[in-house]
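Trainee: I've just opened this one and I'm new to it. Could you walk me through it?

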Amino acid sequence: MKSNKVVLEVKSLTKDYVDNTGYKIRLFEDLSFTIHENEFTVILAPYGSGKSTLLKILSGTETGFEGEIIKSDERISALIADTPTSLQWKSVKENIKFTAKDVSEREIQKAIDAVGLTGYEDFSPHPKSYGFRLRIELARALAKNPLIVLIDDALDNINDEKTRFELLLKLRELNKIYDKTTFLFATNNLTDGLFASDKLLLMSKHPGKIIERYEISFPEERDASLIDSEEFLELRNSILIKYKDANDKFLTVKV
Amino acid sequence: MTDYSGYKSFAKIAAWFTFIYIILFQFILPPNQILPSPASMIDSLGTLFSEYYFISAIGLTSLLVVLIPILGFLCCYVTRYYSPKLFLTYDLSATLLFSFRFFSYVFLMLFMIYWFGSSWIAELVFLMLVAGLEQKIFLASEVRKINKDYFYTLKSLGLTEKEIIRDVVSKLLKPYVFEKIHILFLLSWGWALLYEMISGSYGMGALMLQALKYNDISILTLSIVIMIVVIYVSGLLFKLIEYKIISWIPDEIK
């Protein structure tokens, strides 16, 4: 059930990035937005706009910024990076137990079942099985009962469209199963973002600002045919136009 | 991960080389003072064992060289429990030493021979220092290539930096550390032989020096051939151990 409870509030976030040559880029300027409980939120922004940095800041693992990040409670903000970080020398279950030492077996099994890895508990991930590794990372995060799961373009490595949509639907399903956890997905892929979201935040590049907020009214239950619907294509085109206006120089978003 | 291709290629080249050598020096070329015929080498086998004490010489040198990777590995990996930062630190001294370190090793070797004379313990300490420093420089440079996302994601799940270094980064580095220890193991043979040749009283280095003094080319060539076989077999064994320990496929380090 969607609620109006704000779980995360970002207030006037400003951050500069200095590269190796000393060149300074303003990544975010006065960036503000709120995330509501159990509302699947997508941040759509082009390549190199600082999505990863933003999620690191929200997860509490990156410092050196101005502004405020307010969380509704003390639970963790679990980060899933754009490159796989599950441990290849551990099985699925061992991977989850490694970070969830204080979590009951029941909760661990619930996470495994929820991500669709039932029967694969003793399998170890192959480095290039991106979908499998993403599921492990999702289970690893969910077993910790996080306030929010921050997903950083983790589907970017998956080229097979069918697998991508399966995973997007899985993310939405997980958002429903874990109703006290909220999913925030940052991507540069407009179709993926729009397909998965309840709310879509359009972010500009250098400086990063929220230029538009979209409340997505597609049905709760979705399938791949949605992307061919007139309603979807219309909304996608209007977002693209808005996006082009704001990011004239940096049109690197995937359609 | 474990790659035997280098050993396979070497075996092929060595087999061809041996075949050509036998044909040339046994059947075509006349006896000479540069390289001995295979038959005279076989005749020298008895002398090698009875007069040159080959078993004790190769035993001592092999023991010293085999101890290096084991001790080097233990040194590196034990520090990660007590001081994860030290395990990874890339300090200025390592950078400064980097370019000139081989001269430093030769200088250190000469110093130790001069100071401690012909002591196998001194040789062991010398090999340990060289291998330890090489290992440290390598670890510090390789750790920069580890995907930083491991830190961010695991930290966000509540792990401390110490736990991540101890239980994840050290493990991620293990295949590359093994590769380096393998190279160090092969290089250590060179350093050990040089040390023993200069100190001149024990081990394979001294044996070869003695054979050179007596101009006993058959013994010299035979000991070199046996040493190559020992290095090859022990290197292969090392690879097998690596294969047993690292059964998982690591991420590619760019």
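Mentor: Happy to. One term before we start: contact means heavy atoms within 4.5 Å. Keep in mind too that this is a predicted model.

Trainee: Which residues does Asn175(A) contact, leaving aside its neighbours within four places in sequence?

Mentor: Start with where Asn175(A) sits: it is part of helix H5 of chain A, residues 161-177. With those sequence neighbours set aside, its contacts are Asn38(A), Glu39(A), Phe40(A), Thr181(A), Thr182(A), Phe183(A) and Asp198(A).

Trainee: Is Asn175(A) buried or exposed?

Mentor: The cut-off to use is that buried means under 20% relative accessible area. Asn175(A) has a relative accessible area of 3%, so it counts as buried.

Trainee: How does the radius of gyration of chain A match the globule rule?

Mentor: Let's set the scene first: chain A has 7 helices and 9 strands. For its 255 residues the globule rule gives 18 Å, and chain A comes close to that, so it is as compact as a globular protein of that length; its own radius of gyration is 18 Å.

Trainee: In chain A, what share of the contacts between residues at least 6 apart joins residues at least 24 apart?

Mentor: For some background, 55% of the residues of chain A count as buried. Now take the contacts in chain A between residues at least 6 apart in sequence: the share joining residues at least 24 apart is 73%.

Trainee: How far apart are the centres of the positive and negative side chains in chain A?

Mentor: Chain A carries 37 positive and 42 negative side chains. Take the centre of each set, and the distance between the two is 3 Å.

Trainee: Over to chain B. How many strands are there?

Mentor: From the N terminus on, the elements of chain B run α-α-α-α-α-α-α-α-α-α. That fits the count for chain B, which is 10 helices and, for strands, 0.

Trainee: How much area do chain B and chain A bury between them?

Mentor: The size of an interface is often given as the accessible area lost when the parts come together. Here 19 residues of chain B are in contact with 27 residues of chain A. Carbon and sulfur atoms take 64% of the buried area, and the total is about 2000 Å².

Trainee: Which residues of chain B lose the most area to chain A?

Mentor: Look at the chain B side of that interface. Together they make up 32% of what that side buries, and they are Tyr152(B), Ser156(B) and Leu157(B).

Terms used: Residues numbered from 1 in each chain as written. Chains lettered and ligands numbered in written order. Predicted model: local features only at pLDDT ≥ 70, side-chain atom pairs only at ≥ 80, totals over all residues. Heavy atoms only, no water. Helix = DSSP H or I, 4+ residues; strand = E, 2+ residues; numbered from the N terminus. Rg over C-alpha atoms; globule rule 2.2 N^0.38 Å. Buried < 20%, exposed > 50% of the residue type's maximum accessible area, 1.4 Å probe, protein only. Lys, Arg positive; Asp, Glu negative; His and termini not counted. Charge placed at Lys NZ, Arg CZ, Asp CG, Glu CD. Buried area = accessible area lost by both parts, 1.4 Å probe.
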